[in-house]
Amino acid sequence: MSVVVLGLCLSLCFFGINVDAVSDYGTALTKSLLFFEAQRSGKLPTNQRVQWRGDSALKDGSDAGVDLSGGYYDAGDNVKFGFPMAYTITLLAWGVVDFEGKLKQNNELSNALAAIRWGTDYLIKAHPKPNVFFGGVGDGQADHSCWQRPEEMTTPRTTYKITHQSPGADLAAESAAALAAASITFKSTDRSYSKQLLTHARQLFDFARNHPGQYQSSIPNAGSFYSSSGYQDELLWAAAWLQRATDEKTYLDFLGQASGTGGARQQFSWDDKYLGAQLLVAKLVLEGKAGSSGIFGQYKSDAETFLCNYAQKGSGNFKMTAGGMLWFLPWGNLQYVGAASLAAVSYASYLSAKKATIQCPGGFVSVSDLYAIAQSQADYVLGNNPKGLSYMVGFGSSYPTQPHHRGASIVSIKKDPTSITCQGGFDLWFNRIAPNPNVLDGAIVGGPDEQDGYTDSRSNYQQAEPATATVAPYVGLFASLA
């Protein structure tokens with residue numbers, strides 16, 4: 001660890017950042033999990049730590065005669081989008097599966113499991129029948145036209161579902177991946193719950209496999225915010241997690257009989273899961289559980305091509321900003337940075353177990369090389385950047401004070417229960433040029449632009465909005481470094 005820090009000393013010294021402050025990954029880990037408590041929908045538990053939040057959306061699902069209370073609000077809004085929520089839970093679970101020991105050492109395992117369970121309890125409720133899955137609650141268009149606390153929102157809480165007649169293989173498969181991955185995290189502490197998760201995961205995978213199609217055809221309201229580019233990646237991702245959870249040949253066979261592996265990817269995200277599936281299969285190849293030639297070898301090759309580009313030793317290296325941040329997309333770039341970095345440290349742990357390296361066009365990439373790049377990205381997020389600004393709210397002495405987030409930007413209903421109207425929220429709170437009254441600890445905003453520039457303004461939603469899908473991979477990343 002100290003060797004890696006020394007290796008990064010030049011950039012740290014250049015920006016004048018305190019190394020110890022930047023490298024406090026334990027605190028960053030703690031705060032990242034607090035963020036998920038701030039995003040909770042439903043009846044809050046007695047051990048809720050984020051005290052400025054209150055109960056909300058308790059009647060979700062009532063229009064369909066089901067209980068859909070719970071789960072997570074997606075980002076700075078009050079909508080529960082099932083597709084990114086499931087991905088969020090899958091990545092949270094991945095971090096726990098691969099870095100459980102580090103989470104335990106840092107006394108955060110119980111909080112990480114609570115974050116997963118808040119999501120999986122909701123996914124179970126959303127799956128009342130094998131071929132029925134509720135893919136979201138809340139009208140995105142209506143929600144985005146109002147600025148209200150979740151505790152008193154007046155926007156429609158419409159429910160949306162997929163069925164065998166109106167399918168969504170991507171949504172069903174991603175939810176299967178989330179439940180399968182989560183089943184591993186509860187295997188030693190709550191075996192019956194683990195089995196329940198696995199039962200739902202199997203059913204959802206079969207639903208996805210037998211009823212193809214993109215979910216936005218069935219739920220167009222969500223598609224205008226989170227449009228899926230396809231469902232083959234989610235099917236592979238779900239099969240890979242089910243294989244890991246069960247060690248059953250049927251899922252390995254599915255992966256081996258796929259029409260393709262996705263090729264070398266340019267990102268890993270809520271929409272593109274190919275890399276995740278490739279890495280999990282590559283792990284099987286490293287362990288000798290899958291052959292190293294043919295399609296299984298191709299999964300491994302594709303995964304390692306991505307990591308070569310990530311480590312700047314590939315033939316198509318990912319762009320880095322002048323300040324040292326990997327650059328993927330203008331909207332919420334730190335989401336892609338976090339997902340790629342979790343993938344890197346997870347694969348590093350697989351390589352380490354087999355004392356293996358990656359052969360790249362630019363030379364060998366070792367376990368320590370992958371950790372060094374991942375750590376540099378974590379440090380950038382936590383303040384080692386040209387602006388000297390932590391992009392995690394509440395971390396360090398300088399961080400965004402106006403993240404684009406309804407609940408955080410309006411005085412807590414516990415402090416002032418005066419009703420905030422749909423448009424009144426914009427007038428009183430959104431347009432207010434002042435720090436948010438509630439510190440949204442652990443939120444990671446969308447992040448800086450291609451020139452390392454950032455404007456701390458509530459109206460700058462492209463850069464200033466945090467999301468559960470953004471923070472999820474950082475839990476595992478910070479755990480791996482802590």
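This report describes the nonpolar cores, salt bridges, strand pairing and largest pocket of a predicted model.

**Nonpolar cores**

The largest nonpolar core has 152 residues, and among these Trp94 and Phe478 touch the most other members. Once neighbours within four places in sequence are set aside, tryptophan 94 is in contact with residues that include Trp237, Trp241, Arg244 and Phe268, as well as Gly276, Leu279 and Leu280 and, further along the chain, Leu342, Ala343, Ser346 and Tyr350. A second core, separate from that one, consists of seven residues, including Trp147, Ile420, Phe426 and Phe430. In soluble globular proteins, nonpolar side chains tend to be buried together.

Trp147 also appears among the contacts of cysteine 422, which, with neighbours within four places in sequence left aside, touches Ser145, Cys146, Trp147, Gln148 and Thr154. Cysteine 422 itself is found in the loop between helix H17 (406–409) and H18. From C-alpha to C-alpha, cysteine 422 and arginine 149 are 9.5 Å apart in space, although 273 residues apart in sequence.

**Salt bridges**

The structure holds 23 salt bridges, and three of them are set out below with the distance between the closest N and O atoms.

| Acidic residue | Basic residue | N to O distance |
|---|---|---|
| Glutamate 174 | Lysine 273 | 2.7 Å |
| Glutamate 234 | Lysine 273 | 2.8 Å |
| Aspartate 441 | Lysine 31 | 3.2 Å |

The salt bridge of aspartate 441 with lysine 31 ties together parts that are 410 residues apart in sequence, because aspartate 441 lies in the loop between helix H18 (424–430) and helix H19 (461–464), whereas lysine 31 belongs to helix H4 (residues 25–38). With a relative accessible area of 24%, aspartate 441 is partly exposed, while lysine 31, at 17%, is buried.

Lysine 273 takes part in a salt bridge with glutamate 174 and in another with glutamate 234. How accessible is lysine 273, buried or exposed? Lysine 273 counts as buried, with 0% relative accessibility, and the value of 0% likewise places glutamate 174 and glutamate 234 in the buried class. The salt bridge between lysine 273 and glutamate 174 links distant parts of the chain, 99 residues apart, with lysine 273 in the loop between helix H12 (249–256) and helix H13 (274–286) and glutamate 174 in helix H8 (residues 169–185). For the salt bridge between glutamate 234 and lysine 273, the separation is 39 residues, from helix H11 (residues 232–246), which holds glutamate 234, to the loop between H12 and H13. Elsewhere, a network of salt bridges links Glu37, Arg40 and Arg49.

**Strand pairing**

Strand S2 (residues 132–137) pairs with S3 in the antiparallel sense, over five bridges, and valine 132 stands opposite threonine 163 in S3. Strand S3 (residues 159–163) is largely enclosed by the rest of the structure, because four of its five residues are buried.

**The largest pocket**

About 540 Å³ of space lies in the largest pocket. Of the 23 residues that line this pocket, those closest to its centre are Asp74, Tyr226, Trp331, Tyr461 and Glu465. Helix H15 (333–353), H18 and H19 each supply at least two residues of the lining.

Definitions and conventions
Residues are numbered from 1 along each chain as its sequence is written. This is a predicted model: local features need pLDDT of at least 70, side-chain atom pairs count only at pLDDT 80 or more; totals for chains, interfaces and linings use all residues. Side-chain values use heavy atoms; hydrogens and water are left out. A nonpolar core is a set of buried Ala, Val, Leu, Ile, Met, Phe, Trp, Tyr and Cys residues joined through side-chain atoms within 4.5 Å. Buried means under 20% relative accessible area, exposed over 50%, partly exposed in between (1.4 Å probe, protein chains only). Contact means heavy atoms within 4.5 Å. A salt bridge is a side-chain nitrogen of Lys or Arg within 4 Å of a carboxyl oxygen of Asp or Glu. Two strands pair if DSSP finds at least two bridges between them. On a 1 Å grid over the protein atoms alone, a cavity is a set of points where a 1.4 Å probe fits but cannot get out, and a pocket is an open set with protein on both sides within 12 Å along at least five of seven lines; lining residues have an atom within 4 Å of a point. Grid points are joined across faces, edges and corners, and a volume is the space filled by probe spheres set on the points.
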